[in-house]
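Here are a few short exercises to work through with the model open beside you. Try each task before reading its solution.

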Amino acid sequence: MEREEESICSQEVDAVRNKILVDVMKEQLCIVQHPGFEAVCLNIWVLQTAWLQYKQQYGSSAYEGPEHKKNRHIAYRQLVRWCWGTLGKNICIPLPSCAVNCIHAHFPEPNQLEEDMVFTGFTYADE
């Protein structure tokens, strides 16, 4: 990760660590190893349904773009909803790098080698 804010482990984020402890009761488990991570953040059918909810909520201001970017966008939102609940409008938080990297790997840009991929990374709402 390029910025220090992004280089965090899921064990360093209280909401994520609590999700692991409450659901799985294993202290040193990474969030991507949580049995619910794939179902909540990577399952394409769940993401499609979450996208419809997002689009209904935000209408014309909803993110539009290539399918792989849309899936990543919704997967990040799913992770936030799953671990934090709701944050509020324009509140951005850095997500654990393990989860971000897993989501990037699961929804890569078509026809691009992994070593050539460039990602925007975390930005605060006012940036």
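**Exercise 1.** Find which residues Lys70 is in contact with, leaving aside its neighbours within four places in sequence, and decide whether Lys70 is buried or exposed.

*Solution.* In this predicted model, start from the position of Lys70, which lies in helix α4. Beyond the sequence neighbours within four places, Lys70 touches Trp51 and Tyr63. Next, take its relative accessible area, which is 16%. The cut-off for buried is under 20%, so Lys70 counts as buried.

**Exercise 2.** Work out how helices α3 and α4 are oriented where their axes come within 9 Å, and which residues make the contact.

*Solution.* First, the helix ranges: α3 covers residues 44-58 and α4 covers residues 67-84. Their axes cross at roughly 85 degrees. Angles of 65 to 115 degrees count as roughly perpendicular, so α3 is roughly perpendicular to α4. Now list the partners: α3 supplies Ile44, Val46, Leu47, Ala50, Trp51, Tyr54 and Tyr58, while α4 supplies Lys70, Asn71, His73, Ile74, Ala75, Arg77 and Gln78. Sorted by character, the residues of this contact are 9 nonpolar, 3 polar and 2 charged.

**Exercise 3.** Step back to the whole chain: how many helices and strands are there, and what share of the residues is buried?

*Solution.* Counting elements gives 5 helices and 0 strands, in the order α-α-α-α-α from the N terminus. Of the 127 residues, 35% are buried. For the surface, the accessible area is about 8,200 Å², with 50% belonging to carbon and sulfur atoms. Finally, among contacts between residues at least 6 apart in sequence, 61% join residues at least 24 apart.

Methods
Residues numbered from 1 in each chain as written. Predicted model: local features only at pLDDT ≥ 70, side-chain atom pairs only at ≥ 80, totals over all residues. Heavy atoms only, no water. Axes fitted to C-alpha atoms, helices over the stretch in contact; angles between N-to-C directions. Helix = DSSP H or I, 4+ residues; strand = E, 2+ residues; numbered from the N terminus. Parallel < 35°, antiparallel > 145°, perpendicular 65-115°, else oblique. Contact = heavy atoms within 4.5 Å. Nonpolar A, V, L, I, M, F, W, Y, C, P; charged D, E, K, R; others polar. Buried < 20%, exposed > 50% of the residue type's maximum accessible area, 1.4 Å probe, protein only. Areas by Shrake-Rupley, 256 points an atom, 1.4 Å probe, with all protein chains shown as cover.
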